[in-house]
Amino acid sequence: KKVVQLMPTDIKEELLAKYPPKVARKRAKQIMINEATESEAPSEILANVRTIPGIITMRGCTYAGCKGVIMGPTRDIVNITHGPIGCAFYSWLTRRNQTDAGEDGENYMTYCFSTDMQDQDIIFGGEKKLEASIQEAYDLFHPKGICIFATCPVGLIGDDIHAVAKKMKAKFGDCNVFAFSCEGYKGVSQSAGHHIANNQVFTHLVGENEEPKEGEYKINLLGEYNIGGDGFEIDRILKKCGITNIATFSGNSTYDQFASAQYADLSAVMCHRSINYVADMLETKYGIPWIKVNFIGAKSTAKSLRKIAEYFGDKKLIDKVEAVIAEEMMEVDKVATDVRTRTDGKTAMLFVGGSRAHHYQDLFAEMGMKTLSAGYEFAHRDDYEGREVIPDLKVDADSRNIEEITVEADPELYNPRKTPEELKALEEAGYQFKHYAGMNPDMDKGTLIIDDLNQYEAEKLVEIMKPDIFCAGIKEKYSIQKTGVPMKQLHSYDSGGPYAGFQGAVNFYKEIDRLVGSKVWSYMKAPWQENPELTGTFVWE
Ligand code: CFN
Ligand code: HCA
């Protein structure tokens with residue numbers, strides 16, 4: 001094993017060395033040597049900007065963020081993709097969002113609905129085909145809701161999916177049909193799709209039920225998608241504590257959960273990146289406050305439960321939460337103590353989406369493992385810098401027919417780059433704040449934080465820093481393993497999970513212990529490593 005002593009600045013230079021000057025200049029702003037501390041102003045990073053064409057990004061598209069991420073996990077809405085078949089097929093359960101509809105609950109998750117657009121639809125328009133598909137779904141299933149999702153060609157040819165949805169909703173009378181203009185090309189990443197989904201689900205669905213929900217401590221769990229069963233584990237814990245979960249956005253969720261979300265007393269936001277818009281709209285329209293929680297990591301789970309209990313401020317709940325934590329931590333501590341004898345001091349790299357690259361560092365820290373480098377695919381600056389000024393939100397809250405809910409923010413106030421003194425002054429001037437931790441202040445000084453990491457940089461980084469484990473998605477998996485480093489998918493969890501909550505932490509400790517302890521990948525040599533100069537004769541037949 002080649003041991004190289006490189007400073008973070010050298011590593012950054014190495015990563016940029018291959019690029020043409022203009023590309024290097026832009027990438028340099030997205031590769032940051034972390035200097036953040038709790039008390040200083042956070043360092044700046046360029047995020048949520050277009051990927052430079054030619055670079056092989058890890059990102060996904062706007063359709064993926066809307067249909068795949070936010071609406072996909074809802075089990076009793078028929079989600080129809082209006083587009084070529086691949087868009088529906090590749091967003092069908094690859095995310096491993098799990099469902100449990102009980103004995104006779106509706107569950108359309110096992111179906112993949114698509115209008116299967118063909119060349120002739122592109123030329124002559126696809127609205128009639130979409131209308132027929134909606135009718136077919138209605139006749140077959142009589143669902144409470146049908147959602148339509150636009151793919152790239154739909155926007156390019158100009159099919160009016162909203163007009164079709166409106167017509168069919170009026171025709172059926174007992175089925176809520178609405179559409180999402182989430183063409184893949186629309187934003188710079190999945191993130192635009194989250195926003196579109198948030199707006200439409202809030203406009204067309206939240207608040208539809210008029211029967212109040214029962215429960216002593218009622219919360220919505222926002223930004224939890226039940227990947228690998230995470231949501232099941234969180235629900236188990238909440239139930240044990242006596243906390244009622246009215247609606248999860250959107251793991252294993254139902255039409256009725258969304259429609260009743262206004263009856264919760266508090267929104268607990270897990271993945272802020274994907275669902276902050278709904279959290280804000282619930283607060284503005286219904287006065288439901290939100291707090292950030294993180295159920296990834298046993299300590300983080302305990303902290304989040306205490307935060308929820310503290311919000312309600314009821315002694316009965318506070319005591320119950322403490323009893324649950326004490327009981328659950330016995331098994332967690334036992335396993336953590338054992339695995340730490342092998343994992344302590346090992347190193348990790350995490351490049352995932354818009355929240356997990358931060359949240360999963362807690363789990364690694366519980367195993368004594370250090371995160372050398374991390375970054376998001378598509379998060380915004382506030383996810384990195386970790387504090388945000390919430391200005392007065394001007395939302396057209398009374399209108400239920402709004403297509404797009406606009407939040408007018410003073411860009412100067414919205415800029416999260418404020419020193420503690422500046423924040424204090426603004427607070428005294430009467431502005432409301434939400435403070436929350438971000439990736440930068442939570443990571444060690446001198447670590448490398450890289451936005452929108454790409455294929456080339458991933459391999460280079462692994463080659464230079466040789467982490468004990470690399471975490472990202474399916475596109476990265478095999479190229480990383482070929483470098484001899486174990487790879488764990490933090491999107492789909494490969495075939496594992498749950499990793500959230502207390503039992504999830506135990507699962508994760510065991511899985512990572514196994515991976516970082518295994519030498520199998522380091523023994524592997526790719527054919528071109530053994531025979532770098534293979535020659536052959538190409539025969540044209
Ligand atoms: S489940 Fe979430 S936690 S919703 Fe988001 S930002 Fe994606 S699908 Mo992949 S795993 Fe990932 Fe996050 Fe929130 Fe998942 S880190 S990229 S869009 N994500
Ligand atoms: C998406 C979904 C994804 C992809 C994961 C991966 C997921 O962005 O379209 O690249 O392995 O979690 O399923 O993020």
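**Exercise 1. List the residues that surround ligand 2, then find its polar partners and its site.**

Step 1. Collect the residues with a heavy atom within 4 Å of the ligand. Around ligand 2 these are Ala64, Arg95, Gln190, Gly473, Ile474, Lys475, Gln489 and His491.

Step 2. Look for polar contacts, that is, pairs of N or O atoms within 3.5 Å; within protein, one must be able to donate a hydrogen and the other to accept it, and residues adjacent in sequence count only if both atoms are side-chain atoms. A polar side-chain atom of Gln190 is 2.7 Å from a ligand 2 oxygen. A polar backbone atom of Ile474 also lies 2.7 Å from an oxygen of ligand 2. For an N or O atom in the His491 side chain, the distance to a ligand oxygen is 3.0 Å.

Step 3. Check the cover. Ligand 2 alone exposes 360 Å² (Shrake-Rupley, 1.4 Å probe), and the protein buries 77% of that.

The model is predicted: local features need pLDDT of at least 70, side-chain atom pairs need 80 or more, and totals for chains, interfaces and linings use all residues. Residues count from 1 along each chain as written, chains are lettered from A and ligands numbered from 1 in written order, and side-chain values use heavy atoms, without hydrogens and water.

**Exercise 2. Describe the aromatic pair of Phe364 and Phe508.**

Step 1. Apply the criterion: rings of Phe, Tyr and Trp (its six-membered ring) pair with centres within 6.5 Å; planes under 30 degrees apart are stacked, over 60 edge-to-face, the rest tilted. The structure holds 21 such pairs.

Step 2. Classify. Phe364 and Phe508 are 5.3 Å apart, centre to centre, with 75° between the planes, so the pair is edge-to-face.

Step 3. Place the rings on DSSP runs (helices H or I, at least four residues; strands E, at least two; numbered from the N terminus). Phe364 is in helix H15 (residues 356-366) and Phe508 in helix H22 (residues 501-517), 144 residues apart.

Step 4. Buried or exposed? Buried means under 20% relative accessible area, exposed over 50%, partly exposed in between (1.4 Å probe, protein chains only). Phe364 is buried at 0%. Phe508 is buried at 0% too.

Step 5. Extend. Both rings belong to one aromatic cluster with Tyr360, Tyr493 and Tyr499.

**Exercise 3. Locate the cis peptide bond from Gly497 to Pro498 and give its omega.**

Step 1. Omega is near -10°.

Step 2. Pro498 is in the loop between strand E16 (487-489) and H22.
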